[in-house]
Amino acid sequence: MIRARFFRKNGNLYSVELSGHAGFAESGEDIVCASVSSAVQLVANGITECAKQQAEIQVDNNWISVTIQAQPSETAVCFLDALHLHLSCLEQDFQGCIQVTVSEV
């Protein structure tokens with residue numbers, strides 16, 4: 001299962017951490033993993049390149065974290081909000097493959 005943990009501060013999402021595998025299909029054929037990977041890459045690039053917001057992006061085996069540095073811009077927050085919406089839809093469509101949570105810090 002992919003676990004997507006979003007973090008909110010002062011009412012705005014500012015960070016997301018993902019880990020695991022969807023387990024929907026074999027490696028290389030898993031559309032859930034591909035959907036999540038593509039969406040996270042789009043959001044990370046959107047935050048840093050389009051919104052011009054500094055972000056710490058860490059990648060390890062089966063784990064990625066994107067954290068906006070300093071005060072997040074409205075555009076950067078929109079990217080994270082869109083990712084949250086996208087992953088929540090995948091969670092509904094592919095139950096048991098992905099779990100999305102939000103924590104207030």
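Mentor: Before we start, a rule: two strands pair if DSSP finds at least two bridges between them. Strands themselves are DSSP runs of E, at least two residues long, and helices are runs of H or I, at least four; both are numbered from the N terminus.

Trainee: Fine. What kind of model is this?

Mentor: This is a predicted model, where local features need pLDDT of at least 70 and side-chain atom pairs need 80 or more, while totals for chains, interfaces and linings use all residues. Residues are numbered from 1 along each chain as its sequence is written, and side-chain values use heavy atoms, with hydrogens and water left out.

Trainee: What order do the strands take in the sheet?

Mentor: β3-β4-β2-β1-β5. The five strands make an open sheet, and the pairing is mixed. β3 and β5 (98-104) are the edge strands. Each has a single partner, so one side of each has no neighbour in the sheet.

Trainee: And how much is the twist?

Mentor: On average 15° from one strand to the next. The angle is taken between axes, which are lines fitted to C-alpha atoms (for helices, over the stretch in contact); angles run from 0 to 180 degrees between N-to-C directions.

Trainee: Do β1 and β2 run parallel or antiparallel?

Mentor: Antiparallel, with seven bridges joining them. Take A4: it sits opposite L18 in β2. R8 faces L13 in β2. On its other strand neighbour, R8 stands opposite E104 in β5.

Trainee: In what sense do β1 and β5 pair?

Mentor: Parallel, over seven bridges. F7 has S103 in β5 as its bridge partner.

Trainee: How many bridges link β2 and β4?

Mentor: Five, in the antiparallel sense. S19 stands opposite W63 in β4. S19 also comes up with D60, a residue of strand β3. The two are 41 residues apart in sequence, and their C-alpha atoms are 9.3 Å apart in space.

Trainee: Is D60 buried or exposed?

Mentor: Exposed, at 55% relative accessible area. Buried means under 20%, exposed over 50%, and partly exposed in between, with a 1.4 Å probe and protein chains only.

Trainee: Back to the β1/β2 turn. How many residues sit between the two strands?

Mentor: Two, and the strands form a hairpin. N10 is in that turn, with a positive phi of about 55°, although N10 is not a glycine. At 66% relative accessibility, N10 is exposed.

Trainee: A70 next. Which loop holds A70?

Mentor: The loop between β4 and α2 (74-93). A70 isn't a glycine either, yet its phi is positive, near 60°. A70 is exposed as well, at 73%.

Trainee: New topic. How many salt bridges?

Mentor: One. The rule asks for a side-chain nitrogen of Lys or Arg within 4 Å of a carboxyl oxygen of Asp or Glu. E17 and R5 make the pair, with the closest N and O atoms 3.9 Å apart. E17 is in strand β2 and R5 in strand β1 (residues 2-9), twelve residues apart, so the pair links distant parts of the chain.

Trainee: How accessible is E17?

Mentor: E17 is partly exposed, at 24%. R5 is partly exposed too, at 37%.

Trainee: Last one, pockets. What volume does the largest pocket have?

Mentor: About 290 Å³. The closest residues to its centre are L18, V36, S37, W63 and I64, out of 15 that line it. The search uses a 1 Å grid over the protein atoms alone: a cavity is a set of points where a 1.4 Å probe fits but cannot get out, a pocket is an open set with protein on both sides within 12 Å along at least five of seven lines, and lining residues have an atom within 4 Å of a point. Points are joined across faces, edges and corners, and a volume is the space filled by probe spheres set on the points.

Trainee: Which element gives the largest share of the lining?

Mentor: α1, with five residues. β2 (12-19), α1 (31-50), β3 (55-60) and β4 (63-68) each supply at least two.

Trainee: And what classes of residue make up that lining?

Mentor: Eight nonpolar, six polar and one charged. Ala, Val, Leu, Ile, Met, Phe, Trp, Tyr, Cys and Pro count as nonpolar, Asp, Glu, Lys and Arg as charged, and the others, Gly among them, as polar.
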